[in-house]
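Visitor: I am new to reading structures, and I would like a close look at a single part. Could you take the aromatic rings and walk me slowly through how they sit together?

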Amino acid sequence: MNIIRHVVGGVLSVSPKCIQTRFKEEAELWYWRRVLKASNGEFYNGHFKSRFTDLFSLDESHFTNKRILDIGCGPLGSLEWATGAAERVGVDPLADRYVELNGGRQSMKYVRSGSESLPFEDACFEVVSIFNALDHVEDVASSVAEIQRVLTPGGDLLLIVEIDHSATVTEPHSLREEILADFDQCDVIYQVIYAIRADHNVYGSIKEANPRKQVGDPAILCARLVKRLTDTVSGS
C-alpha cells in the first residue's frame with residue numbers, strides 16, 4: 001500500500017495543478033463517504049463544541065450573538081453546537097457536495113468557495129476558524145490574507161494545523177510554527193504544540209496532548225489569535 005501511495009504521489013507531483021486539485025477533492029470525498037458508511041449513514045458532530053471552547057479556554061457564551069466562519073468545514077456540521085451565534089457559515093470548495101452527503105439537515109449555512117478568495121465583505125465575522133485545513137489550501141499566503149480581511153477588529157481567529165510534516169498532494173504545504181507571524185494583523189493570545197501520533201490523527205493527538213519532543217518534529221499547532229483594533233503594521 002505504501003508503494004502504491006508513493007507511486008501515485010510521484011505521478012501527481014508532476015501533474016498539472018488542476019489534476020492535483022481534482023485528486024485532492026476526490027480523496028476528501030472518499031474519506032467522508034467512508035466516515036458516513038462507518039457511522040451507518042449518520043454524521044456525528046457532538047465533539048466540535050469542545051474544539052472551539054475547551055481547547056482554547058473559551059466558554060460557549062463567548063460565541064453568543066457572533067458571526068462565525070469555519071473554513072474547510074467538512075460535512076459533519078462543525079458549527080451546529082453554536083446555537084446562540086448570530087450566523088454560522090461553513091466554507092469549503094466541496095460545500096455543495098457536502099450538503100448532498102449530509103442531506104441538508106443541518107442549521108449552519110454551507111458556502112462553496114476556496115479560502116483564497118472568500119465571497120464575503122471585509123470585517124464581517126467575529127470568529128474565524130480553520131481547523132486541519134491551512135496546509136490543504138491551494139495558496140497559503142492568499143488564504144492568510146483573506147482570513148484577516150473578513151475578520152472583524154477584535155475578532156478571534158482559531159487555528160489548528162499540522163506543522164513540520166512532509167508535503168503530500170493532499171497536504172501540499174509543510175508549514176512551521178512561524179506561520180503565526182504571517183497573520184500580521186493579529187496578536188497571538190494562546191498557542192500550544194502537541195506531538196502527532198504515528199497515524200497522523202490530528203484530533204486524537206490533541207486529545208492525548210503529548211508534548212512535542214523537539215523542534216522540527218511533526219506536530220500539531222493550536223493557536224488563538226485576535227485581530228488588532230488598530231493595525232500597527234500598516235500604521236493605520
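Guide: In this predicted model, F52 and W81 are both buried. Their rings form an aromatic pair of the tilted kind, with 5.3 Å from centre to centre and 40 degrees between the planes. This pair links distant parts of the chain, since F52 belongs to helix 3 (residues 48–52) while W81 lies in the loop between strand 1 (67–71) and strand 2 (87–92), 29 residues apart.

A pair of aromatic rings is described by two values, the distance of the centres and the angle of the planes. With that in mind, turn to F56 and Y190, whose rings are 6.4 Å apart from centre to centre with 80 degrees between the planes, an edge-to-face pair. Here too distant parts of the chain are linked, with F56 in the loop between helix 3 and strand 1 and Y190 in strand 6, 134 residues apart. The two partners can be told apart by their surroundings: F56 has a relative accessible area of 2% and is therefore buried, whereas Y190, with a relative accessible area of 26%, is partly exposed.

These rings also belong to a wider group, because ring pairs join F52, F56, F63, W81, F131 and Y190 into a cluster. The count of aromatic pairs in the model comes to seven. Beside F52 in sequence is R51, which lies over the face of F48 at 5.0 Å from the ring centre. The charged end of R51 also sits over the ring of Y203, 3.4 Å from its centre.

From Y190 you can follow the backbone into the neighbouring strand, for its bridge partner in strand 7 is R224. Strand 6 (residues 186–195) pairs with strand 7 in the antiparallel sense over nine bridges. Strand 5 (residues 151–163) is also antiparallel to strand 7, and these two are paired over eight bridges; among the residues involved, L157 has L225 as its bridge partner.

What, then, surrounds strand 7 (residues 219–227)? Nine of its nine residues are buried, so strand 7 is largely enclosed by the rest of the structure. In a regular strand the side chains alternate between the two faces of the sheet. In strand 7, A219, L221, A223, L225 and K227 are buried on one side, and I220, C222, R224 and V226 are buried on the other, so that both faces are covered.

How values were computed. Residues numbered from 1 in each chain as written. Predicted model: local features only at pLDDT ≥ 70, side-chain atom pairs only at ≥ 80, totals over all residues. Heavy atoms only, no water. Buried < 20%, exposed > 50% of the residue type's maximum accessible area, 1.4 Å probe, protein only. Helix = DSSP H or I, 4+ residues; strand = E, 2+ residues; numbered from the N terminus. Pairing = 2+ DSSP bridges. Phe/Tyr/Trp six-rings, centres within 6.5 Å; stacked < 30°, edge-to-face > 60°. Lys NZ or Arg CZ within 6 Å of the ring centre and 35° of its normal.
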